[in-house]
Amino acid sequence: MVVDNDKNNTERNILIQPYKRGFDSKEEAMQQVSNISSYLETINLWNNSKLNVISEKEFIQQLENGVPHRLGSCLESRMSLREVDKYRTNIFCFDLDHLDHLPDDSIRKIISRLNGNFHYIQESFSSGTKLTQKRFHCYLMVSTLQVDFNVLNYIYKRVKDELSVKIGIEFDGSMHLLKNIFASGKDVKVNNTLDIFNLSPYLEDYNAKRSTLSNKQDMKSSVTVNEVVDEDFNDRFTTTQVNFPELLKVLKSAKVPVYEYHEWIRYLMSFNDMERKGLITKDQKYHLAEAIDDGNASYYKEMEKLERYTKVTIGSLIYNLQLRGISTNQIFTLNERKELRIDTSFDIYGKITENQQVFKEIERVITNPENSGKRILLYSETGTGKSTAILKILEKFNDNQSKGFSILSIPRRNLINNLKTKFEKSSDSNTITGSDIYTFKERRNIINDSTNILTTVDHCPYIVKFKLEKDDTDLELNNSDVMTSYNPRLMILDECHMLSNDATFKEETIREYCAAEKNLLKSGGLSVHVTATPENLRSEDYDFIIKVNQLDRENPFQHAGYLMMEGTSKQIEKKMLETIKLATKKNRNRRLLVFIERKEIIFQYSKELNNMGIKTMQVVSSNEEIKSKDEISVVCKGEIPEDVQVILATTSLSAGVSIINNDKGDEIWVLCTSRSLNYEMTRIAQMAHRFRNPYHALKLFIQQGKSQVERKTFLYHKYLDEEVKKAENFKRTIEFMRENNCEGRVTLDDLEKKNGLFTDRDGQVSVCQPLIQSEIVLNKTYYNINNPMALINELSKKFQLQINQMKINGFIDVEENDKSMKCDPTVTSNDIISKLIKDELFYSQLNEEYILYGKSRLIASLPKIKSSTLNDLMLLFDNGYEFSFASQIMKAHLHAKKNETLSYKRDIAALKNINKIKNSAEKSLLTKVVEKISKDISLAKNQMVYQKTSEIKSYLNSVAREVLESKRYYEEPKKVEYLYKLLKIKK
């Protein structure tokens with residue numbers, strides 16, 4: 001037991017119902033699970049005097065002795081969901097089962113938060129040694145409420161949801177108050193400094209919601225709770241998918257008994273809701289209703305009557321299933337409901353600048369002096385001409401201002417190259433970045449002489465600082481003794497989502513940019529953020545949000561698809577290279593833009609593809625000086641060189657660059673492995689728009705995530721809001737410490753950084769939202785690595801289309817159902833081998849399936865083939881042998897005798913070993929024997945014939961014995977069997 005310092009040394013009494021004894025392992029406990037459940041459920045039937053209470057010391061001992069238990073106690077009642085009465089508890093328990101979707105640093109932070117938010121923590125039976133394998137039972141002492149069990153269980157759920165957000169991890173959804181808890185016997189971490197958690201505010205909130213319901217006086221508590229649950233759910237989530245077979249299976253199981261009429265009606269109403277939202281069909285709805293029917297088929301008439309009632313939703317269905325210990329994460333796919341606040345919106349056709357009235361209104365908002373000191377967000381999809389509109393506004397701004405300045409900041413140097421020529425057409429407009437080679441004085445002079453400046457995010461703070469400078473003794477500029485002062489005007493950040501989404505930005509760069517922006521706003525300036533992907537941004541961070549809807553908007557691609565690929569990252573990268581080879585061979589006219597995160601893989605791919613005659617180029621460098629001629633053509637001019645078939649790119653090409661000479665048959669591919677960060681929706685959305693002309697398909701090649709029982713919803717905005725709130729709270733601490741000159745072992749500046757804060761030039765502390773966003777985005781990316789379908793659902797919502805699985809046919813086409821080759825059960829193994837010998841298309845299709853899906857798919861496609869033949873086939877595929885050669889190998893297998901096991905793979909290995917022995921510098925017994933055999937074969941004119949295998953063994957023994965005797969060793973040779981195996985090679 002590990003105990004934190006006790007604040008008051010007062011031992012607590014705990015309402016809990018333990019089993020009679022403990023267990024050393026979960027396996028041992030599960031063998032007795034029915035006895036444990038029966039005991040814990042019925043023990044209080046005859047208890048009419050007092051609730052079962054144990055001391056804190058006893059409670060900890062029982063946990064460390066592995067005693068199963070249930071939370072709380074009751075009088076003269078079963079402790080079951082259906083019958084429990086007079087139930088009371090002063091302790092909650094939440095299970096944490098999955099941490100493997102998070103980076104190690106985030107896991108450490110979460111474990112630290114667990115220790116600070118729970119009274120008792122014990123690792124569960126299933127907890128492992130690695131950080132990602134940690135699993136916990138987390139106990140929280142709570143105030144005791146005198147309420148019905150249904151209400152208390154609802155409050156339990158509310159507390160669980162809020163603590164999930166506070167800590168940054170979702171607890172097990174199927175956990176409820178009366179679930180058996182199997183203590184592991186491991187040490188218990190105790191925190192006695194933590195106060196009892198007060199449940200009264202939750203009860204007050206429940207009663208407030210209850211008061212708004214109609215007919216509340218006539219409702220049972222269970223009905224009222226369901227009504228409130230539906231309201232909560234509708235506020236927080238949208239349902240994007242229902243796994244109908246899984247839901248039907250659950251409803252048919254004994255876990256979902258329906259005893260009362262109001263329960264049955266509620267189920268039917270939730271089925272209606274699913275059909276209404278297009279999540280299931282009408283037939284499927286009736287199948288679900290039939291699964292919980294009593295056999296009278298009365299659900300037909302009832303469902304028709306209930307169709308006009310729309311208040312009951314999936315929320316209460318999920319709640320009731322979880323209450324019965326059913327995990328619903330495999331049944332329902334949920335999205336967090338969080339929409340940006342829109343203060344004004346405009347509908348357009350074509351580009352923003354082609355809609356003069358809209359353009360003028362946006363210009364008015366951005367240049368209006370009344371908006372001084374405000375942060376504005378301009379949001380519109382890629383292709384609406386946002387950058388062009390901004391440049392026109394800056395051009396007019398430049399013409400109308402005798403004083404003041406504007407700074408247009410771009411996250412990537414590539415984007416600057418795209419805009420530079422247009423930007424500098426306007427007088428007093430210049431481009432300057434930190435990487436430009438100027439002397440200190442030259443740099444300052446350019447900044448001083450420019451009204452409009454185009455720069456990078458990292459250099460922007462330097463320019464802002466200079467433009468806001470009022471100290472006339474700082475420097476002598478333009479041979480003048482007085483430094484010109486400036487009135488701040490406009491600061492624009494294009495592709496603003498990249499500030500938090502782009503891993504290349506250092507924390508200090510983000511903090512410095514936010515501080516510079518704050519300084520400009522406080523000086524009366526205006527900040528405008530521009531993006532096409534605002535999904536990770538918060539409404540609260542902007543004073544005014546403008547949305548432009550392009551009514552004639554179309555996705556740039558005709559099709560979108562994904563392919564799940566099994567294997568390690570290295571295996572997937574190898575498969576990806578083979579896939580590119582296949583695709584380029586099949587269609588020489590199709591150009592591929594392939595996004596790959598890791599530069600070393602791009603270099604490897606490029607070398608191998610170019611060696612094969614597939615003209616391939618790389619776009620990997622952010623450094624202007626080392627860009628190739630082809631890179632400059634793509635990045636600066638937006639033109640793919642004419643002879644290039646494959647472009648391999650990092651995310652340096654993923655935003656702002658528009659390729660203008662793509663053809664309609666071209667495709668954009670994105671590789672997503674656990675070694676990349678390409679599992680992020682906004683990043684892929686940007687990648688999808690690099691071709692300016694319509695193109696054939698967007699294709700995602702995704703490493704299959706770990707199979708998980710719990711596919712939880714990642715509550716990005718909930719987690720983000722909670723982290724911002726924590727930063728706001730700590731801001732007050734920093735301010736107090738600065739005012740009182742408090743210093744510790746960690747400097748206040750370091751405390752600031754670690755808590756997502758920054759200080760402006762006036763010493764005011766503020767929350768650095770992009771920095772906090774970047775942390776949550778990273779956690780979400782790790783989540784998507786293990787839950788790739790969550791990423792697919794996000795992209796489907798973004799592009800407003802269904803992203804389908806792809807089929808394999810050499811073209812890697814998009815199709816709703818994977819029609820990969822299946823083996824006809826009537827076909828024999830010889831029929832399959834014969835087809836492999838004669839049919840090159842069949843051989844190629846198997847080859848492609850093997851490359852993309854691996855061994856498991858090949859075995860499933862050819863279940864009757866001998867393992868030796870299958871191994872040879874995989875060897876041929878792995879080494880890229882031509883069909884003509886492969887056909888000869890398969891002929892040998894076809895004509896092999898029934899009891900003969902042929903193996904080209906084995907024989908090749910044997911030949912290599914024989915050559916290794918022959919060429920060995922070491923004169924071992926094997927070397928001498930092989931030399932003697934070679935000499936005998938030569939004397940026999942390369943032909944030694946034996947009738948029986950036993951004769952070969954006799955010959956080898958005689959040779960080995962002769963060699964040994966020549967060295968004066970008189971004993972039986974021991975390594976002849978090895979030589980025999982090596983020599984058993986079929987020509």
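Biologist: Before we get going, when do two strands count as paired?

Modeller: Two strands pair if DSSP finds at least two bridges between them. Keep in mind that this is a predicted model.

Biologist: Okay, so which residue stands opposite V53 in β3?

Modeller: That's L15. Strand β2, residues 13–18, pairs with β3 in the antiparallel sense, over three bridges.

Biologist: And what's the strand order in that open sheet?

Modeller: β3-β2-β4, three strands with antiparallel pairing. β3 (53–55) and β4 (69–71) are the edge strands, each with a single partner, so one side of each has no neighbour in the sheet. From one strand to the next, the twist averages 55°.

Biologist: Which strands does helix α3 lie across?

Modeller: Helix α3, residues 56–64, lies across β2, β3 and β4, and runs at about 85° to β3. Helix α2, residues 33–42, lies across β2 and β4, at about 40° to β4.

Biologist: Switching topic: how do α28 and α32 cross, at what angle?

Modeller: Roughly 155°, with the axes of α28 (residues 829–838) and α32 (residues 883–894) coming within 8 Å. Angles over 145 degrees count as roughly antiparallel, and α28 and α32 are therefore roughly antiparallel to each other.

Biologist: Left-handed or right-handed crossing?

Modeller: α28 passes α32 in a left-handed crossing.

Biologist: Which residues meet there?

Modeller: From α28 you have N830, I833, S834, L836, I837 and K838, and they meet F883, S887, M890, K891 and L894 of α32. By type, that contact has six nonpolar residues, three polar and two charged.

Note on methods
Residues numbered from 1 in each chain as written. Predicted model: local features only at pLDDT ≥ 70, side-chain atom pairs only at ≥ 80, totals over all residues. Heavy atoms only, no water. Helix = DSSP H or I, 4+ residues; strand = E, 2+ residues; numbered from the N terminus. Axes fitted to C-alpha atoms, helices over the stretch in contact; angles between N-to-C directions. Contact = heavy atoms within 4.5 Å. Parallel < 35°, antiparallel > 145°, perpendicular 65-115°, else oblique. Left-handed = near helix turned anticlockwise from the far one by under 90°. Nonpolar A, V, L, I, M, F, W, Y, C, P; charged D, E, K, R; others polar.
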